[in-house]
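Subject: Structure for you to look at

Hello,

Here is the structure I promised to pass on. Please open it first, then read my notes below with the model on your screen.

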Amino acid sequence: MTNIPVLEIFGPTIQGEGMVIGQKTMFVRTAGCDYRCTWCDSAFTWDGTAKDLIRQMSAEDIWQELKQIGGDNFSHVTISGGNPALLSSLGELVLLLKENGVTTAIETQGSKWQDWLLAIDEVTVSPKPPSSGMETNFTMLSTVLTNLKDSRVSLKVVVFDDTDFAYAKDIHARYPHIPFFVQVGNDDVHTTDDTLLISRLLRKYEWLIEKAVSCKEMNDAKVLPQLHALVWGNKRGV
Ligand SMILES: C[S@@+](CC[C@H](N)C(=O)[O-])C[C@H]1O[C@@H](n2cnc3c(N)ncnc32)[C@H](O)[C@@H]1O
Ligand SMILES: Nc1nc2[nH]cc(C(=O)O)c2c(=O)[nH]1
Ligand code: SF4
Ligand SMILES: [Mg+2]
């Protein structure tokens, strides 16, 4: 069945964010999202601008393309989007990767559940702070996190300002036993001026570190930049 809408397959690169930052990985980016974050760095997955690039693929098609692009140089695949948890059809891909000895990770915002999430090796759940313009459904988020209680899961909140930081504290307090990450927000996702962007992101990283180290509720949190943005700026497919 060619029923997985794919926008990008790329790598190997490194995971630039969160719980397995630095891990060599391939990426599969699916199309479509139930959110519309104001600052989304992958808005082309849902705003229509890349609709002609969407390919309806089968799990086997995706696996063949991963091998064609990555050769022998990968053993890990990250599925992102958009929101991949919109797609029940991804279960087949997750199974196929597992059968071939490939470990898997996923990026999702915790607004939807799929049973195949239980077969993913590293699940990153990233609820959205006020600056995104989105509202968190805490009932759904709690259901997702409860279902994943025996999985390797982490929470990652992108922070742009003080209000977002307060939201991040609240999320960490609600789910204290889940490894927690705050991530620098990129507020200029279109610039091609890497030098300017990188120096800005580093200043924002310093600001976020300052916030976290002076906050006792964040004693157990990890503070990270988007490593890929510091290396490649806003370039796509890295
Ligand atoms: C593009 S999203 C796709 C997966 C899923 N929809 C989600 O948001 O978790 C992947 C990750 O990028 C983060 N992200 C998106 N735009 C960002 C930005 N402008 N600055 C920093 N992180 C961003 C999201 O919060 C999420 O953790
Ligand atoms: N290198 C790299 N790391 C990432 N971590 C999360 C990404 C995403 O867009 O979901 C991403 C991405 O697009 N590239
Ligand atoms: S949930 Fe993720 S993909 Fe969807 S709009 Fe927000 S950041 Fe973008
Ligand atoms: Mg990204």
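Between residues 20 and 234, the chain is 33% helix and 19% strand. The C-alpha atoms at the two ends of that stretch are 21 Å apart. Keep in mind that this is a predicted model. Why that stretch? UniProt, in an unreviewed entry, annotates residues 20-234 as "domain: Radical SAM core".

**Strands**

Start with β1, residues 4-14. β1 pairs with β2 (residues 24-30) in the antiparallel sense, over six bridges. There, E8 has R29 of β2 as its bridge partner. β1 also pairs with β3 (residues 55-57), again antiparallel, over three bridges. Which residue of β3 stands opposite V6? It is R55.

**Helix α2**

Now go to α2, residues 90-99. Its buried residues are L90, L93, V94 and L97. They span an arc of only 100° around the axis, so they sit on the same side of α2. What covers them? The cover includes β1, α1 (59-70), β4 (76-80) and β5 (103-108). After α2 comes G101, with a positive phi near 75°.

**Ligands**

Ligand 1 has 20 residues around it. D41, S42, E107, S126 and N186 come nearest. β5 and β7 (153-159) each give at least two residues to this shell. By class, the shell holds five nonpolar, 12 polar and three charged residues.

Ligand 3 is surrounded by C33, Y35, R36, C37, C40, S42, T45, G81, G82, N83, Q109 and K128. Four residues of this shell are nonpolar, six are polar and two are charged.

**Annotated binding site**

The unreviewed UniProt entry also has a "binding site" annotation. It covers W39, C40, D41, G82, S126, P127 and K128. Look at two of these. W39 lies in the loop between β2 and β3. Is W39 buried, exposed or partly exposed? W39 has 16 other C-beta atoms within 10 Å, so it counts as partly exposed. A residue needs 20 or more to be buried, and 12 or fewer to be exposed. Leaving out residues up to four places away in sequence, W39 touches S131, S132, G185, D187 and V189.

C40 is also placed in the loop between β2 and β3. With 18 other C-beta atoms within 10 Å, C40 is partly exposed. C40 belongs to the shell around ligand 3 as well.

Best wishes

Technical notes
Residues numbered from 1 in each chain as written. Chains lettered and ligands numbered in written order. Predicted model: local features only at pLDDT ≥ 70, side-chain atom pairs only at ≥ 80, totals over all residues. Helix = DSSP H or I, 4+ residues; strand = E, 2+ residues; numbered from the N terminus. Arc of directions from axis to C-beta. Contact = placed C-beta atoms within 7 Å. UniProt positions renumbered as here; feature names shortened; annotations may be inferred. Near = placed C-beta within 6 Å. Nonpolar A, V, L, I, M, F, W, Y, C, P; charged D, E, K, R; others polar. Pairing = 2+ DSSP bridges.
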